[in-house]
Amino acid sequence: MNLEELNATATSERLARMKKRHHMYVCVGTACQALNSEQIAKALQAALKQSGQSSEVEVKCVGCPGLCSLGPLVEIESQINGQVAPGAAEDERRRSVLYQFVKPEDAGEIVAHLDGEPVKRLETPLNQPFFTRQTKIVLEHCGKIDPERIEDYIAVGGYQALLKVLTEMTPQQVIDEITRSGLRGRGGAGFPTGLKWGTVAKSDPSAYPTNVPEGIQSRKFVICNGDEGDPGAFMDRSVMEGDPHRILEGMAIAAYAVGANQGFIYVRAEYPLAVKRLRTAIRQAQRAGLLGSGIGGTAFSFNVDIRLGAGAFVCGEETALMASIEGGRGVPRPRPPFPAESGLWGCPTLINNVETLANVPPIILKGAAWFASIGTEKSKGTKVFALTGQVTNTGLIEVPMGISLREIVFDIGGGIPGGRQFKAVQTGGPSGGCIPAQFLDMPVDYESLAKVGSIMGSGGMIVMDDSTDMVEVARFFMEFCMDESCGKCIPCRAGTVQMYRILTKIQEGRATRRDIQILEELCDMVKHTSLCGLGQSAPNPVISTLRYFREEYERKVNGAQGSEVSVGSEEWGVGKLTAHSA
Ligand code: SF4
Ligand code: FES
């Protein structure tokens, strides 16, 4: 498919869409699908058929629109007038209604109310802060397009960016554009994406010994890291499920920029829906000539294969991930050499995470300056978070960098349910830290989170109320790291076990002050001597809870009950606060 054909497909899809009076978007993301949402779509289609409206109403199965706690969700978009005035603003032409907790048996009533007042008992406002306070770039199509139809993606501008770079830009111009945008890796570390691309582009595939299997022609590779493993995180899964073509397009642009002809998506086998939709998307893109040989009628070729991970957390670490793709045991290796110089089978390899790659097509289409205008000075664009825990609205959100934690928790998240108080928010999963209430007004960006002892991570955000036992939180994450440690290096293999034992001892009331001291020494040792990021960051939840909630540790050691206590040291600028938890 060349640019002309792509435009023709987009136009005919849009025209077909305009002929429908109503569009029903039924969420078939994992959470809603588990609540029977595919049956809702079928029931709506049956009700439309019965009422003779099938030809005027479109029922679309879509990815997660975000507010999973109210799912299954069905959004209905209707033309206000049968005639659409050219140039009319979108909200003058259409009105939208969102229905929550929908069941298949609600279908008849929903269809009966299509042209009248919405079904009040099911309606939830679309103008609530959960939706209005977000800025959607990565998630802009999730909830709006059928992820299993390439035509839907093309109709919203899909693959335009890829054909633009292939026909109008040199690889270096693409790298320069990504560099100027200020995009940083969304997998956790926040490394500048343009710099990484530039390094792979410059790397000589013959500089290191290689052992590429027969049949693979490429000597550089692009890997999409979809090995999302943090407890409570589902950002990448939702993007893979809701907008898989966006990831393929981002990968193909990256491959053109760095000179790769083969890509791999590494995704967990326990994400079957994401795997299914990615497979469908790859097949469709190949048939459309948007993946494979001579993409868009140009000389550029790029193939993508999927590799399934078996669920080991450490395989999110890039050298372990590559070892797993090569068919070996997923264990990290020392760096250098970095994957950008010697990665998969010894060849220069670009590894970006799902969200990073999903940001690429809009940057190419709208320009680096547009992207750089969103966010803060050093953290550009938006960040997708999986908002979970003790917060009213749990689900998937995308916010501009620099938004405060307070806005996320209390405006978008709707606050703490059950009349309880906010206590902390945990970002960055097992590698991150717990941020207490005094930092609620802190901007959420890479630098600020690091300053208070946490990390951006890939986007897990767990809200905790005042009933939360912070030592138990630290113990939970330490148990996770202990289980997931690959065992290659002693500090992590043995250190996580020892730290977990001490935390258990504290929880069981058998510990002394000396144990806290040993715990701190172990944190320091494991952090500074482990081989890979898993071990280096495993102590973070302990360090941050000791820093901000030390009195909870001391109370358990002393056997005393809650009172006015110190929760940190002067070094971190932490004052005093009343401990609410028992
Ligand atoms: S730090 Fe832990 S996970 Fe990483 S190599 Fe060492 S033992 Fe394996
Ligand atoms: S999966 Fe349906 S709203 Fe998130």
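Tutor: Contact here means heavy atoms within 4.5 Å of each other. Keep in mind that we are looking at a predicted model.

Student: Thanks! Then which strands does helix α12 lie across, and at about what angle does α12 run to β5?

Tutor: Helix α12 covers residues 244-258. The strands it lies across are β5 (221-226), β6, β7 and β8. Angles run from 0 to 180 degrees between N-to-C directions. On that scale, α12 runs to β5 at about 150°.

Student: In what order do the 4 strands of the open sheet with parallel pairing stand?

Tutor: β7 (303-309) and β8 each have a single partner strand, so these two stand at the edges. The pairing throughout this open sheet is parallel, and neighbouring strands are turned by 20° against each other on average, direction ignored. Reading across, the order is β7-β6-β5-β8.

Student: Which residue of β7 stands opposite I265?

Tutor: Strand β6 (residues 262-268) pairs with β7 in the parallel sense, over 7 bridges. In β7, the residue opposite I265 is I306.

Student: What is the order of the open sheet of 5 strands?

Tutor: This sheet has mixed pairing, and its twist averages 30° from one strand to the next. The edge strands, each paired on one side only, are β10 (395-400) and β12 (433-436). The order is β10-β9-β13-β11-β12.

Student: In β13, what stands opposite A424?

Tutor: Strand β11 (residues 422-427) and strand β13 (residues 460-465) run antiparallel and are joined by 5 bridges. Opposite A424, in β13, is M464.

Student: Which helix lies across β9, β10, β11, β12 and β13?

Tutor: The helix in question spans residues 405-412. It runs at about 140° to β10. Its name is α17.

Student: How many of the 6 residues of β2 are buried?

Tutor: Strand β2 pairs with β1 (residues 22-27) in the parallel sense over 6 bridges, and C27 stands opposite V62 in β2. Buried means under 20% relative accessible area. β2 is largely enclosed by the rest of the structure, because the number of its 6 residues that are buried is 5.

Student: Just after β2 I see L70. Is L70 buried or exposed?

Tutor: L70 sits in the loop between β2 (57-62) and β3 (74-79). Not counting residues up to four places away in sequence, L70 touches Q100, F101 and T124. Its relative accessible area is 14%. The cut-off is under 20%, so L70 counts as buried.

Student: And S238: what is its relative accessible area?

Tutor: S238 belongs to helix α11 (residues 235-242). Leaving aside neighbours within four places in sequence, S238 is in contact with C64, C142, D243 and L396. S238 is buried, with a relative accessible area of 2%.

Student: Now for the open spaces. What is the volume of the largest pocket?

Tutor: The largest pocket is lined by 46 residues, and G187, G188, A189, G316 and E317 lie nearest its centre. The elements giving two or more residues to its lining are α10 (193-202), β8 (349-353), α18 (446-451) and α22 (533-537). By class, the lining has 14 nonpolar, 22 polar and 10 charged residues. The volume is about 1,300 Å³.

Student: How much space lies in the largest cavity?

Tutor: The structure holds 4 cavities of 30 Å³ or more. Residues lining the largest cavity include C486, C489, C492 and C532, along with K488. Its lining has 8 nonpolar, 3 polar and 1 charged residues. The space inside is about 80 Å³.

Student: Which element gives the most to the lining of the second largest cavity?

Tutor: About 50 Å³ of space lies in the second largest cavity. Its lining divides into 6 nonpolar, 2 polar and 1 charged residues, among them I76, R95 and H113. β3 and β4 (94-99) each supply at least two lining residues. With 3 residues, the element that gives the most is β4.

Note on methods. Residues are numbered from 1 along each chain as its sequence is written. Chains are lettered from A and ligands numbered from 1 in the order in which they are written. This is a predicted model: local features need pLDDT of at least 70, side-chain atom pairs count only at pLDDT 80 or more; totals for chains, interfaces and linings use all residues. Side-chain values use heavy atoms; hydrogens and water are left out. Two strands pair if DSSP finds at least two bridges between them. Buried means under 20% relative accessible area, exposed over 50%, partly exposed in between (1.4 Å probe, protein chains only). On a 1 Å grid over the protein atoms alone, a cavity is a set of points where a 1.4 Å probe fits but cannot get out, and a pocket is an open set with protein on both sides within 12 Å along at least five of seven lines; lining residues have an atom within 4 Å of a point. Grid points are joined across faces, edges and corners, and a volume is the space filled by probe spheres set on the points. Ala, Val, Leu, Ile, Met, Phe, Trp, Tyr, Cys and Pro count as nonpolar, Asp, Glu, Lys and Arg as charged, and the others, Gly among them, as polar.
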